[in-house]
Amino acid sequence: MTAQGSMNRTYDEAKQFIEQEDNTRYKVNLGFVPNMRVPGYFYVNDRLKSLIFEELQHACQRGGHGGFLPAVQQLANVAGLPGIVKKSIALPDVHSGYGFAIGNVAAFDMADPEAIVSPGGVGFDINCGVRLIRTNLMEADVTDVKEELAQTLFDHIPVGVGSQGIISTSAKDLEAALEMGMDWSLREGYAWAEDKEHCEEYGRMLQADPSKVSQRAKKRGLPQMGTLGAGNHYAEIQVVEEVFDKPAARKMGIDKVGQVCIMIHSGSRGLGHQVATDALTAMERAMARDKIETNDRQLACARINSQEGQDYLKAMSCAANFAWVNRSSMTFLVRQAFAKMFKTTPDDLDMHLVYDVSHNIAKVEEHMVDGKMKQLLVHRKGSTRAFPPHHPLIPVDYQLTGQPVLIGGTMGTNSYVLTGTEQGMHDTFGSTCHGAGRARSRNNSRNKLDYQEVLDALKTKGIAIRVASPKLVMEEAPESYKDVTEVVNTCHEAGISKLAVKLRPIAVIKG
């Protein structure tokens with residue numbers, strides 16, 4: 001395994017390998033870093049491209065000393081992994097991450113015995129994802145009780161770094177939840193039967209095997225079931241601000257401007273983090289044994305069919321199931337909170353799940369490669385699946401519109417609902433962006449922003465806010481992120497997903 005590759009070129013030399021193909025797409029040619037097997041592609045429009053190129057320029061000036069590798073270099077390093085097909089892809093919200101950039105998509109040929117799986121291509125928060133719950137309430141119905149409603153949600157949903165769940169679970173329950181995913185939530189009465197229909201993978205990864213999850217991971221996960229966590233996770237009350245695609249919005253039941261929705265963004269908490277950590281340790285040994293070389297030691301990986309590769313996929317599936325159970329439990333608590341506030345039932349409030357998407361996961365899917373249908377292991381890290389109309393894996397009611405894609409904004413900014421397209425299936429393995437993407441590191445944000453100013457800015461916008469850890473607010477302030485509107489506009493213009501609905505927050509609950 002080679003050392004973490006540094007940028008040994010000048011910025012002008014590095015730029016020679018990058019060519020602009022159209023308004024939103026750039027190609028990173030072979031040779032940008034050693035051992036590339038396929039080219040890299042990144043999607044940015046004119047207003048987002050400066051961040052990518054400035055990051056590269058700074059890395060070239062530093063000579064690779066200190067800090068994460070620039071996202072373009074991470075994208076190219078992934079293009080050198082064994083078994084990768086077609087291209088390594090970065091979406092407009094791309095930023096540096098562990099091994100893979102966040103916003104990177106890469107697919108590996110299941111039929112290639114050399115092909116690998118890499119935990120860095122999924123991320124530490126396995127199945128971090130977003131779900132959207134609609135209501136039949138309008139903004140006018142909640143304006144006077146907005147603060148009270150925010151407080152009720154804050155009281156109902158356990159939030160914060162060490163938060164513990166109020167849905168009591170035993171070790172036996174946890175084992176069942178890891179194996180069954182949303183089927184466990186359904187059995188226990190925390191989910192509606194139709195919720196499963198509107199969830200990626202129907203809320204259950206079938207290859208989950210709880211025996212592959214370490215005791216340490218289970219111990220971390222047990223008290224955290226049904227909790228939001230901290231960082232960029234949130235529950236938001238939002239209203240429909242604009243409808244771009246009326247038929248798609250009508251199918252989702254969110255076609256009225258001013259209609260109230262709830263968005264939940266969370267993942268697999270400490271359990272997912274531990275699963276990733278355990279796998280990285282095992283895979284470093286496997287790499288030495290199988291003589292797998294990568295450009296960056298953070299790209300620890302194992303052959304898909306090796307013991308380590310299979311163990312990771314089974315444990316990752318458990319963590320994904322845990323995240324779906326988490327979001328289901330929080331949906332249950334949100335429904336209870338709204339029912340209590342409006343003295344009615346969740347059913348009468350039409351609190352149906354619009355959809356639930358994952359944006360940190362690796363899954364076996366079928367895609368066309370050079371005119372042939374192939375089984376690929378698609379890694380999506382900080383990227384959302386976006387399947388087109390008529391795809392067999394999306395619910396019946398979205399067959400004509402394409403899969404709903406939920407793009408969470410940052411604290412106090414708009415969120416979006418997109419739909420998948422045929423072009424996305426062809427160009428990006430049916431993938432699109434996942435959110436705004438960081439423009440500033442967490443540390444940088446803490447040093448540059450004052451949390452009272454951030455909170456005051458939200459109040460000025462008329463947004464009710466409840467935060468468990470005020471000091472974390474600066475890290476998640478809109479100033480720390482790229483403009484989510486530019487990110488979704490890039491995806492829309494590139495044709496890899498299509499704008500459907502714009503949502504505006506009126507209350508934010510954060511860890």
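The legends below describe three close-up views of a predicted model. Local features in this predicted model need pLDDT of at least 70, side-chain atom pairs count only at pLDDT 80 or more, and totals for chains, interfaces and linings use all residues. Residues are numbered from 1 along each chain as its sequence is written, and side-chain values use heavy atoms, with hydrogens and water left out.

**View 1. Met182 in helix α7 and its contacts.** Met182 belongs to helix α7, which spans residues 182-187; helices (H or I, at least four residues) and strands (E, at least two) are DSSP runs numbered from the N terminus. Met182 counts as buried because its relative accessibility is 1%; buried means under 20% relative accessible area, exposed over 50%, and partly exposed in between (1.4 Å probe, protein chains only). Leaving aside residues up to four places away in sequence, Met182 touches Arg131, Asp195, Lys196, Cys199, Tyr202, Gly203, Trp324, Val325 and Ser328, where contact means heavy atoms within 4.5 Å. Met182 and Tyr202 are 20 residues apart in sequence, and their C-alpha atoms are 7.6 Å apart in space.

**View 2. Lys343 in the loop between α12 and β11.** This loop runs between α12 (307-342) and β11 (353-358). Lys343 has a phi near 50°, a positive value in a residue other than glycine. With 75% relative accessibility, Lys343 counts as exposed.

**View 3. His390 in the loop between β14 and β15.** The flanking strands are β14 (384-385) and β15 (404-407). Phi of His390 is positive, near 70°, in a residue other than glycine. His390 is exposed, because its relative accessible area is 58%.
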